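Q: Can you walk me through this one? I'd like to begin with the ligand and then move on to the aromatic side chains.

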Amino acid sequence: MFAAASEPQITEISLDRDCTTLSRHVLQQLQSFSPDAQDLSALMNRIALAGKLISRHLSRSGLVEGMLGFTGGVNVQGEDVKRMDLYANEVFISVFKQSGLVCRLASEEMDKPYYIPENCPIGRYTLLYDPIDGSSNIDINLNVGSIFSIRQQEGMDEDGEAKDLLQSGRKQIAAGYILYGPSTMLVYSIGKGVHSFTLDPSLGEFILSHENIKVPRHGPIYSVNEGNFWQWEESIRDYIRYVHRHEGYTARYSGALVGDFHRILFQGGVFLYPGTVKKPEGKLRLLYETAPLAFLMEQAGGKASTGTEEVLDVVPDKLHARTPIIIGSVEDVELVESFIQERNRELKEAPFMAKS
Ligand code: P6P
């Protein structure tokens with residue numbers, strides 16, 4: 001039975017929308033059905049499966065004994081490992097077994113990369129990921145996320161030291177995150193804009209919800225842990241004093257990078273995790289946190305800086321290297337950078353006069 005020609009084809013529109021799954025969207029983006037395009041589409045589909053499995057586990061975690069809390073172990077970062085961290089890490093490994101797609105996985109939770117022998121050398125991709133970002137939020141049912149980055153595996157990595165990964169973020173093929181919030185959303189880019197999908201539990205599919213997301217050039221939000229105020233360089237303190245004294249700014253900080261980033265992506269503003277005097281490199285990890293998010297933010301028309309250089313230009317010296325990050329709307333990132341540049345000018349011109 002077809003609706004009369006004069007009526008808007010609502011059924012057709014909603015059906016087409018529900019059929020715009022992630023794997024189809026990747027092929028549309030690439031405008032190709034080549035083997036490489038099919039591989040990337042299939043790879044993104046596996047990441048979506050990981051998101052569904054983790055989302056389902058999180059939604060039950062408060063109901064099933066032994067899913068929350070700590071394992072008692074400490075990871076390579078020196079952080080206490082939560083049961084959910086380990087589960088999510090295993091999920092990403094499992095979804096790529098027997099896939100022929102990903103030969104190697106590098107994770108915040110693993111000291112060295114993990115190889116899936118049956119996928120090597122056919123699968124030339126490496127997946128870098130933070131399986132659960134913001135795990136301090138898990139036990140109190142607040143939002144957490146997974147962050148992922150996809151790179152080509154260059155060479156055979158004979159010694160397993162993954163030296164080919166120690167290259168700038170501009171080598172990324174794709175990047176994105178999954179946000180486990182009131183709904184589960186997957187946001188990704190393969191270098192052709194930023195697009196978000198929302199999980200429809202009744203379908204078990206991620207359905208396109210926002211296409212070609214563009215971050216506003218300026219926004220009211222600054223997102224930073226002000227508890228670290230006295231550990232920051234003077235330039236960052238000067239920026240915080242500025243936003244305290246000027247109308248039109250508001251603070252938002254959830255303690256989970258993915259949620260804070262997602263808010264900035266949609267509403268504009270800036271997220272900062274600066275270095276401190278003791279730890280100039282900051283807390284967040286380059287290869288599977290700041291570089292993938294910098295890739296997304298640049299694709300959305302925003303900016304991502306360490307304060308002195310673009311995050312995507314940073315070349316890591318080790319797998320778990322960290323960088324400071326100032327990321328978000330161009331005007332807001334540049335405002336923070338202006339305080340850093342002013343401070344560096346003062347130090348150069350009158351090193352003994354500059355206030356400490
Ligand atoms: P702090 C979570 O542990 C995390 O890695 C990010 O998700 C978050 O942005 C940051 O650390 C929070 O760190 O020092 O403010 O608690």
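**Ligand and aromatic pairs**

Q: Which of the 13 residues around the ligand come nearest?
A: Asp 133, Asn 225, Tyr 253, Leu 257 and Tyr 273 come nearest among the 13 residues around the ligand. Keep in mind that this is a predicted model.

Q: How do the residues of that shell divide by type?
A: The shell around the ligand has six nonpolar, three polar and four charged residues.

Q: OK, polar contacts. How far is a polar side-chain atom of Asp 133 from an oxygen atom of the ligand?
A: The distance is 2.7 Å for Asp 133. Tyr 273 also places a polar side-chain atom by a ligand oxygen, at 2.6 Å, and for Lys 283 the corresponding distance is 2.9 Å.

Q: And how much of the ligand does the protein bury?
A: The protein buries 81% of the 400 Å² that the ligand exposes when taken alone.

Q: Which pocket is that space?
A: The ligand takes up the space of the second largest pocket.

Q: Switching topic: how many aromatic pairs are there?
A: The count is nine aromatic pairs. One of them joins Tyr 239 and Phe 339.

Q: What's the geometry of Tyr 239 and Phe 339?
A: That pair is edge-to-face, with 6.0 Å centre to centre and 70° between the planes. The angle counts as edge-to-face because it is over 60 degrees.

Q: Where do the two residues sit in the chain?
A: Tyr 239 is in helix α5 (residues 234-245) and Phe 339 is in helix α8 (residues 330-349). They are 100 residues apart, and the pair links distant parts of the chain.

Conventions: Residues numbered from 1 in each chain as written. Predicted model: local features only at pLDDT ≥ 70, side-chain atom pairs only at ≥ 80, totals over all residues. Heavy atoms only, no water. Near = heavy atom within 4 Å. Polar contact = N/O pair within 3.5 Å; in protein donor to acceptor, adjacent residues only side chain to side chain. Areas by Shrake-Rupley, 256 points an atom, 1.4 Å probe, with all protein chains shown as cover. 1 Å grid on protein atoms, 1.4 Å probe; cavity = no way out; pocket = protein on both sides within 12 Å on 5 of 7 lines; lining within 4 Å. Sits in = over half its atoms within 2 Å of the grid points. Nonpolar A, V, L, I, M, F, W, Y, C, P; charged D, E, K, R; others polar. Phe/Tyr/Trp six-rings, centres within 6.5 Å; stacked < 30°, edge-to-face > 60°. Helix = DSSP H or I, 4+ residues; strand = E, 2+ residues; numbered from the N terminus.
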